[in-house]
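Trainee: Could you pick one part of this model and go through it closely with me? I'd like to follow how its neighbours fit around it.

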Amino acid sequence: MSSSVQPESGQPIILYDGQCKLCNAWVIFLLRHRLPRDYHFAAIQSERGKQLLQRAGLPHDNIRTIVLLRDGQHWLRAQAICRIMQSLPWPWRVCGVLRYLPDGLTNLIYNLIARNRYRLFGRYDQVHAIEADYPGRFLTD
């Protein structure tokens, strides 16, 4: 799913659940596998994350998914993950082709994991701080 939104920087922004241990591990994975520097991150619980969600026309008070904001559009769930994976170096980039599968199938798998992520992986009491690979990577309040 895609829709129009214009992040102030014009650069891709990944919004993630900052209290979810699986989501935090995903962000760390992206950093370790050299996601391009033009990508930025914001926790959906942060004020900046809420502003970006609201600007995208998404609910800022009850969203629990990965969101990719890029080029004036937004993608959720599996589409967001697949599009992000396309920006990683080989061999991870290959995973990006999964975005061509039907949304119903990819989101079925995504939603199954998302519904059980706190039970399976745990959660932090508050937004967990992740060490950035360079200053300014994480958008703060």
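Mentor: Sure, let's start with strand 1, which is covered on both faces: Ile13 and Leu15 on one side, and Ile14 and Tyr16 on the other, are all buried. Buried here means under 20% relative accessible area, exposed means over 50%, and partly exposed is in between, using a 1.4 Å probe and protein chains only. Strands (E, at least two residues) and helices (H or I, at least four) are DSSP runs, numbered from the N terminus.

Before we go on, a word on what you're looking at. This is a predicted model, where local features need pLDDT of at least 70, side-chain atom pairs count only at pLDDT 80 or more, and totals for chains, interfaces and linings use all residues. Residues are numbered from 1 along each chain as its sequence is written, and side-chain values use heavy atoms, with hydrogens and water left out.

Now, who sits beside strand 1? Strand 1 (residues 13-16) pairs with strand 2 in the parallel sense, over four bridges. Two strands pair if DSSP finds at least two bridges between them. You can follow the match residue by residue: Ile13 is opposite His40 in strand 2, and Ile14 is opposite Phe41 in that strand.

Zoom out a little, and you'll find four strands in an open sheet, ordered 2-1-3-4, with mixed pairing. Strand 2 (40-43) and strand 4 are at the edges with a single partner strand each, so one side of each is left without a neighbour in the sheet. From one strand to the next, the twist averages 20 degrees.

Follow that order to its far end. Strand 3 (residues 67-70) and strand 4 (residues 73-76) pair in the antiparallel sense over four bridges, and Arg70 has Gln73 in strand 4 as its bridge partner. These two strands form a hairpin with two residues between them, and Asp71 in the turn has a positive phi of about 55 degrees. Asp71 isn't a glycine, yet its phi is positive. Its relative accessibility is 62%, so Asp71 counts as exposed. Arg77, in helix 3, also isn't a glycine and has a positive phi, of about 50 degrees. With a relative accessibility of 27%, Arg77 counts as partly exposed.

Back to strand 1, and to what lies across it. Helix 1 lies across strand 1 and strand 2, and runs at about 155 degrees to strand 1. Helix 2 lies across strand 1, strand 2 and strand 3, at about 110 degrees to strand 1. For such numbers, axes are lines fitted to C-alpha atoms (for helices, over the stretch in contact), and angles run from 0 to 180 degrees between N-to-C directions. Leu52 belongs to helix 2 (residues 47-55), and because its relative accessibility is 2%, Leu52 counts as buried. Leu52 and Ile14 are 38 residues apart along the chain, while their C-alpha atoms are separated by 10 Å.

Helix 1 has another neighbour to look at. Helix 1 (residues 21-32) packs with helix 4 (residues 103-121) at an angle of about 100 degrees, their axes 8 Å apart. That makes helix 1 roughly perpendicular to helix 4; angles of 65 to 115 count that way, while under 35 degrees is roughly parallel, over 145 roughly antiparallel and the rest oblique. Lys21, Leu22 and Cys23 in helix 1 meet Ile113, Arg117 and Phe121 in helix 4. Sorted by type, the residues of this contact are four nonpolar, no polar and two charged. Ala, Val, Leu, Ile, Met, Phe, Trp, Tyr, Cys and Pro count as nonpolar, Asp, Glu, Lys and Arg as charged, and the others, Gly among them, as polar.

Take a second look at Arg117: with 6% relative accessibility, Arg117 counts as buried. Leaving out residues up to four places away in sequence, Arg117 touches Asp17, Cys20, Leu22, Cys23, Arg64 and Gly122, where contact means heavy atoms within 4.5 Å.

Last, confidence. pLDDT is the predictor's confidence in each residue, from 0 to 100. The chain averages 89, and 94% of the residues score at least 70. Over residues 1-7, though, the pLDDT is below 50. Where pLDDT is low, the predicted coordinates should not be read in detail.
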